[in-house]
Each structure stands twice: as structure tokens, then as C-alpha cells.
Amino acid sequence: MIPLDGKRWAELKGGYKLPFDPTPTLRDLERGSNPQACWDTLWNELHHQGDVGDASYASVPHLVRIAAASASVDWNFYALVGTIEIERHRKTNSPVPAWLLEGYRQAWRELLPLALRDLPKASDAHTTQAVLGALALAKGQTKLGAFILNADASEVDEWLEDRDAWSELYRDH
């Protein structure tokens, strides 16, 4: 993991394939300073239309560390790190650099018990979906994790309706 005060951050590229240093935003997120603005910045800069970069990969261990220290569950955390992991497999994205790989893998090993800790606390469908998707990814189930994270509720409803999978009793659950 690159320390937040490391000089290497200035060289890293985000989702726009342009230099992006996420450290000020990661520090603000850790302090709890306007978390929604922090998440908006991280979503916008670390992921863009399927593109991620080495700044995206380098942010994952810090995001896991920050989430582990938090008592609350935020769907943004699970959805963003899950999106980065899914997009890592896209042919147009560079692989995780060798010098970052062990820290990135370690973050995903640490994410598994974190997600298991947070799943019972997930109080809405969006958060539950993000945690479950990240759990699948942490278990190495990339396609299943991508399916869960990207599943749209109306598409699932339509799929179930087409197959008469639900009785009237369960339609609203």
C-alpha cells in the first residue's frame, strides 16, 4: 500500500486516463469531512465509463482501511471497490502494476470479513446488493459479482415474471 503522503500518487492515473491524486479526498473521507462529496469525487475520478487506472487500484487498500475503521456501512464503498475490481478485467484497462499487486490482493482478502461484518447492518436493497456483489468478488467469483453489482431491480423483476418464478405472495419482497 502506498502511504498517503507518498510521492508516487502524483504519477498515477484515474478513470479518465489522466493524472489524478486521490489522497486529499481519501484523507477527507477518513476524517468524515463531507463524505458524499468525497464519494462523488472518487466515483467521478477513479472510474469513468468502464475505465480505471493505477490510482483506482492504489486507492482500494485505503478504502478498505477506511471502511474497516468505520462503524457505518456505505454502499459507495462496496460498489466502488467492486466496480474497480470488475473493470480491472476489461481488456482496455491496464492490469494492476506489479508494485501494487500484493497490496491490492491483501485489500481484497481484508474485504471479505469486512463485508461479512457489514452484511447484517445493510438496511436497504442498494447497500445489500453492493455488499453481496463485493462478497462474490472477494471470493473470486468475478462474473457473479459483476452480475449482482450491475443487476437492475426492474430487469430482475422482468426476468422473474417471464419465468413465473414468484407467486403473488412474494411480489413486493
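Helix axes are lines fitted to C-alpha atoms over the stretch in contact, and angles run from 0 to 180 degrees between N-to-C directions.

## Basis of the model

This is a predicted model, in which local features need pLDDT of at least 70, side-chain atom pairs count only at pLDDT 80 or more, and totals for chains, interfaces and linings use all residues. Residues are numbered from 1 along each chain as its sequence is written, and side-chain values use heavy atoms, with hydrogens and water left out.

## Helix 1 and helix 2

The axes of helix 1 and helix 2 (DSSP runs of H or I, at least four residues, numbered from the N terminus) cross at roughly 150° and come within 9 Å. Helix 1 is therefore roughly antiparallel to helix 2, a term for angles over 145 degrees. Thr-25, Leu-26, Asp-28 and Leu-29 of helix 1 make the contact (heavy atoms within 4.5 Å) with Pro-35, Cys-38, Trp-39, Thr-41 and Leu-42 of helix 2. By class, this contact has six nonpolar, two polar and one charged residues.

## Helix 5 and helix 6

Helix 5 and helix 6 pack with their axes 9 Å apart, at an angle of about 140°. In helix 5, Trp-108, Leu-111, Leu-112, Ala-115 and Leu-116 meet Val-131, Ala-134, Leu-135, Leu-137 and Ala-138 of helix 6. The contact of helix 5 with helix 6 has 10 nonpolar, no polar and no charged residues.

## Nonpolar core

The largest nonpolar core (buried Ala, Val, Leu, Ile, Met, Phe, Trp, Tyr and Cys residues joined through side-chain atoms within 4.5 Å; buried means under 20% relative accessible area, with a 1.4 Å probe and protein chains only) has 43 residues, of which Leu-63, Phe-77, Tyr-78 and Leu-111 touch the most other members. Helix 3 gives the largest share of this core, eight residues.

Leaving aside residues up to four places away in sequence, Phe-77 touches Trp-39, Leu-63, Val-64, Ala-67, Leu-111 and Leu-114.

Note on methods:
Buried < 20%, exposed > 50% of the residue type's maximum accessible area, 1.4 Å probe, protein only. Helix = DSSP H or I, 4+ residues; strand = E, 2+ residues; numbered from the N terminus. Nonpolar A, V, L, I, M, F, W, Y, C, P; charged D, E, K, R; others polar. Parallel < 35°, antiparallel > 145°, perpendicular 65-115°, else oblique.
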